[in-house]
2 protein chains.
Amino acid sequence: MPDILHRIGIKFSSLDNVYEALTARENLSGWWTKDTQGESKVGGVLQFRFFEADGFDMKVLELDPARRVLWQVVDGPKEWIGTKISWDLKQEAESTIILFKHEGWKEPVEFMHHCSTKWALFLMSLKSLLETGKGAPYPNDFKIDGQY
Amino acid sequence: MPDILHRIGIKFSSLDNVYEALTARENLSGWWTKDTQGESKVGGVLQFRFFEADGFDMKVLELDPARRVLWQVVDGPKEWIGTKISWDLKQEAESTIILFKHEGWKEPVEFMHHCSTKWALFLMSLKSLLETGKGAPYPNDFKIDGQY
């Protein structure tokens with residue numbers, strides 16, 4: 001099954017800082033979508049909302065401080081339901097590296113192409129939030145095809 | 001085998017304009033790398049060069065005007081050799097959509113994660129070149145981990 005893979009390095013950010021940006025609701029809302037609700041604890045569900053209240057509900061499956069976060073999509077677009085999103089962290093020189101994977105897609109549909117590009121830009125938003133204090137969460141996200 | 005997939009939409013650009021940005025050497029050098037050499041004809045080889053003359057040699061396998069471009073990597077990093085890069089174009093409303101695929105990776109290695117993110121940003125560079133006249137080709141490309 002095809003996966004979406006990405007890798008970024010965040011300068012001058014500790015593993016703890018990056019982990020916090022993936023787990024604290026007020027930080028998640030600083031790079032993905034301003035409308036982030038729910039509880040970031042194992043077994044809890046995070047709600048990420050976008051245009052017209054569409055969005056994703058993520059069950060938190062793993063929280064390994066400063067190392068790994070794993071979510072599973074429990075509600076959202078049908079192509080996303082059941083897929084898993086993992087964030088693996090490691091230190092390299094003066095940067096924290098994030099290895100990102102969105103796995104479990106059944107088919108490499110056109111929407112998956114779109115999501116792959118959007119994830120890259122949300123990762124850049126996360127990098128910007130941590131490096132400069134300013135991310136680009138929805139609705140201020142980078143648009144890749146005019147509307148989205 | 002895992003693939004890298006992306007999708008962008010370019011506003012107010014015709015299929016012909018986008019096709020030209022993927023085939024004319026002077027346009028390729030406006031969004032991927034300034035150091036682009038070679039011949040964009042079927043059977044020809046394009047040379048894309050980056051830091052310290054490292055880069056990719058792409059054999060042009062298909063050129064279907066305003067519809068599709070297909071390259072195969074004939075020299076470059078070992079993980080890239082033999083892989084194929086396809087660009088499929090279509091019109092949607094006032095945009096030209098690019099469906100991008102980099103296929104033939106043997107393993108989802110960390111370098112593949114890196115390349116996936118870089119491709120997204122080079123696609124945004126291509127979009128910017130066509131929409132605003134200014135791309136971000138190497139060495140002015142968006143850095144995703146400090147150095148690259």
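Here is a short chat about a predicted model with two chains, A and B.

Visitor: What rotation superposes chain A on chain B?
Guide: The fit leaves an RMSD of 0.0 Å, and there is 0.0 Å of shift along the axis. The two copies are thus related as by a two-fold rotation axis. The rotation itself is 180°.

Visitor: And in chain A, which residue has the C-alpha nearest that axis?
Guide: Look at the distance from the axis, which is 2.9 Å for this C-alpha. The residue is Pro2(A).

Visitor: Do the copies meet through the same surface or different ones, and what percentage of chain A's interface residues tells us?
Guide: The test is whether interface residues of chain A are also interface residues in chain B. They are, so the copies meet through the same surface. The share is 100%.

Visitor: How many cavities of 30 Å³ or more are there, and what is the volume of the largest?
Guide: The count comes to one cavity of 30 Å³ or more. As for the largest cavity, its volume is about 60 Å³.

Visitor: Which elements give two or more residues to its lining?
Guide: From chain A, the lining takes in Asp3(A), Ile4(A), Leu5(A), Met112(A) and Ser116(A). Chain B adds Asp3(B), Ile4(B), Leu5(B), Met112(B) and Ser116(B). By class, that makes six nonpolar, two polar and two charged residues. The elements are strand E1 (4–11) and helix H3 (110–132) of chain A, along with strand E1 (4–11) and helix H3 (110–132) of chain B.

Visitor: Is Cys115(A) buried or exposed? And how many disulfides does the structure hold?
Guide: Cys115(A) has a relative accessible area of 5%, and buried means under 20%, so this residue is buried. Cys115(B) is buried as well, also with 5%. A disulfide is a covalent bond between the sulfur atoms of two cysteines. Over all chains, the number of disulfides is zero.

Visitor: Which residues does a cis peptide bond join in chain A?
Guide: Omega is about 10° at this bond. The proline involved sits in the segment after H3 of chain A, and chain B has a cis bond between Tyr138(B) and Pro139(B). In chain A the pair is Tyr138(A) and Pro139(A).

Visitor: Where is Glu52(A) found, and is this residue buried or exposed?
Guide: Glu52(A) has a positive phi of about 50° although it is not a glycine. This residue is found in the loop between strand E3 (45–49) and strand E4 (55–64) of chain A. With a relative accessible area of 65%, above the 50% cut-off, Glu52(A) is exposed.

Visitor: Over in chain B, which non-glycine residue has a positive phi near 65°?
Guide: Try the loop between strand E3 (45–49) and strand E4 (55–64) of chain B. The residue there counts as exposed, at 55% relative accessibility. Its name is Ala53(B).

How values were computed: Residues are numbered from 1 along each chain as its sequence is written. Chains are lettered from A and ligands numbered from 1 in the order in which they are written. This is a predicted model: local features need pLDDT of at least 70, side-chain atom pairs count only at pLDDT 80 or more; totals for chains, interfaces and linings use all residues. Side-chain values use heavy atoms; hydrogens and water are left out. On a 1 Å grid over the protein atoms alone, a cavity is a set of points where a 1.4 Å probe fits but cannot get out, and a pocket is an open set with protein on both sides within 12 Å along at least five of seven lines; lining residues have an atom within 4 Å of a point. Grid points are joined across faces, edges and corners, and a volume is the space filled by probe spheres set on the points. Helices (H or I, at least four residues) and strands (E, at least two) are DSSP runs, numbered from the N terminus. Ala, Val, Leu, Ile, Met, Phe, Trp, Tyr, Cys and Pro count as nonpolar, Asp, Glu, Lys and Arg as charged, and the others, Gly among them, as polar. Copies are superposed by least squares on the C-alpha atoms of residues with pLDDT of at least 70 in both. Contact means heavy atoms within 4.5 Å. A disulfide is a pair of cysteine sulfur atoms within 2.5 Å. Buried means under 20% relative accessible area, exposed over 50%, partly exposed in between (1.4 Å probe, protein chains only).
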